[in-house]
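Here's a quick tour of a small set of structural features, written for someone who likes to check things against the coordinates. Have a look at the structure first, and then we'll start with the cysteines.

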Amino acid sequence: MLGIRLHQFVETVALYATQPVLWRKVISRETLEANVRAMAEAIQTIDSCTLVLKLHPREHAEDYAFCQTLDP
């Protein structure tokens, strides 16, 4: 009999999936940054919660360079 030990991790992931076509036509880069920063700040108040930013394939990573300054 094969014994398998499962490790249970109790962590919540908040997923922010980007939509480049939507935000570029509706909000400014400044507003985008403010929104992401506000979400990151709110997520930090939740124990065992991590914010994951999933960039759309057509997204420009340089638009999210500010994320390097966010506290992981």
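## Cysteines

Let's begin with C49, which is buried at a relative accessible area of 15%. C67 comes out as partly exposed, because its relative accessibility is 22% and the cut-off for buried is under 20%. If you're hunting for disulfides, a search of the whole structure turns up zero.

## Confidence and layout

Keep in mind that this is a predicted model. Mean pLDDT for the protein is 82, with 81% of the residues at 70 or more. Where is confidence lowest, and where is it highest? The low end is helix α1 (residues 20-26), with a mean of 73, and the high end is α2, with 91. As a rule, coordinates shouldn't be read in detail where pLDDT is low.

The protein has two helices and two strands, and going from the N terminus the order is β-α-α-β. Of its 72 residues, 21% are buried. Looking at contacts with a separation of 6 or more, 77% are between residues 24 or more positions apart.

## Helix α2

Helix α2 covers residues 29-44, and its length checks out: 16 residues at 1.5 Å each should span 22 Å, and the end C-alpha atoms sit 23 Å apart, which agrees. Which residues of α2 are buried? They are L32, V36, A40 and I43. These residues lie on the same side of α2, because they cover an arc of only 65° around the axis. That fits the usual helix arithmetic: with 3.6 residues a turn, residues three or four places apart point the same way.

Flip to the face turned away from the buried side of α2 and you find the exposed residues E30 and E41.

## The nonpolar core

Two of those buried α2 residues, L32 and V36, also show up in the largest nonpolar core, which has five residues: Y16, L32, V36, Y64 and F66. V36 is a handy one to click on. Leaving out residues up to four places away in sequence, V36 touches Y16, Y64 and F66, plus C67 and L70.

## An unusual phi

One backbone angle deserves a look. S48 has a phi near 55°, which is positive even though the residue isn't glycine. In general, most non-glycine residues have a negative phi. S48 sits in the loop between α2 and β2 (49-54), and at 45% relative accessibility it counts as partly exposed.

Note on methods:
Residues are numbered from 1 along each chain as its sequence is written. This is a predicted model: local features need pLDDT of at least 70, side-chain atom pairs count only at pLDDT 80 or more; totals for chains, interfaces and linings use all residues. Side-chain values use heavy atoms; hydrogens and water are left out. A nonpolar core is a set of buried Ala, Val, Leu, Ile, Met, Phe, Trp, Tyr and Cys residues joined through side-chain atoms within 4.5 Å. Buried means under 20% relative accessible area, exposed over 50%, partly exposed in between (1.4 Å probe, protein chains only). Contact means heavy atoms within 4.5 Å. Helices (H or I, at least four residues) and strands (E, at least two) are DSSP runs, numbered from the N terminus. The expected span of a helix is 1.5 Å times one less than its number of residues. The arc is that of the directions from the helix axis to the C-beta atoms. A disulfide is a pair of cysteine sulfur atoms within 2.5 Å. pLDDT is the predictor's confidence in each residue, from 0 to 100.
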